[in-house]
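Trainee: I should like to learn how helix packing is read from a model. May we work through an example?

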Amino acid sequence: TQIDTARLTQAETSYRKGEILIKMGNFAGALEYLEPAVELWPDEPAYQAGLAWALLRQPKSDPGRAAEHFRIAQAQAPEDAMIAYRLGLALRSLGETEESEDCFLRARAIDPDVGE
């Protein structure tokens, strides 16, 4: 299958802008760029995880949607400790204590320093 390079480039550009806003702590602003990145290229776990993190950390936190996107990212990148850890944070804020603990354990099994 031929990759649509224009779409991929557009998704990557949006994602990078969103990442900059996340680093600045502007999670709501980051959504403007991360939503389109995921729409354009849903198969990239970094885009899914970035969107999920912004959804969780924005002023009107949306842990339900965040958990959805973290789950997608985790299915795409099961060895990513940070995705597992942040999924745990989203689940904990939804009151899913047992499942969130499983995520934290899985994350620390991959990388003992995750979340430090």
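Mentor: We shall consider one helix pair and then one residue.

Mentor: This is a predicted model, in which local features need pLDDT of at least 70, side-chain atom pairs count only at pLDDT 80 or more, and totals for chains, interfaces and linings use all residues. Residues are numbered from 1 along each chain as its sequence is written, and side-chain values use heavy atoms, with hydrogens and water left out.

Trainee: At what angle do helix α5 and helix α6 pack?

Mentor: Helices are DSSP runs (H or I, at least four residues), numbered from the N terminus. Axes are lines fitted to C-alpha atoms over the stretch in contact, and angles run from 0 to 180 degrees between N-to-C directions. Here α5 (residues 81-93) and α6 (residues 97-110) have axes 8 Å apart, at an angle of about 165 degrees. The pair is therefore roughly antiparallel, a term for angles over 145 degrees.

Trainee: Which residues make the contact?

Mentor: Contact means heavy atoms within 4.5 Å. Among the participants are A84, L87 and G88 of α5, and C103, R106 and A107 of α6.

Trainee: Is Q74 buried or exposed?

Mentor: Buried means under 20% relative accessible area (1.4 Å probe, protein chains only). Q74, in helix α4 (residues 63-76), counts as buried because its relative accessibility is 14%.

Trainee: What does Q74 touch?

Mentor: Beyond its neighbours within four places in sequence, Q74 is in contact with I83, A84, L87 and R106. The side chains of Q74 and R106 are joined by a polar contact of 3.3 Å; such a contact is a pair of N or O atoms within 3.5 Å, one able to donate a hydrogen and the other to accept it.

Key: Helix = DSSP H or I, 4+ residues; strand = E, 2+ residues; numbered from the N terminus. Buried < 20%, exposed > 50% of the residue type's maximum accessible area, 1.4 Å probe, protein only. Parallel < 35°, antiparallel > 145°, perpendicular 65-115°, else oblique.
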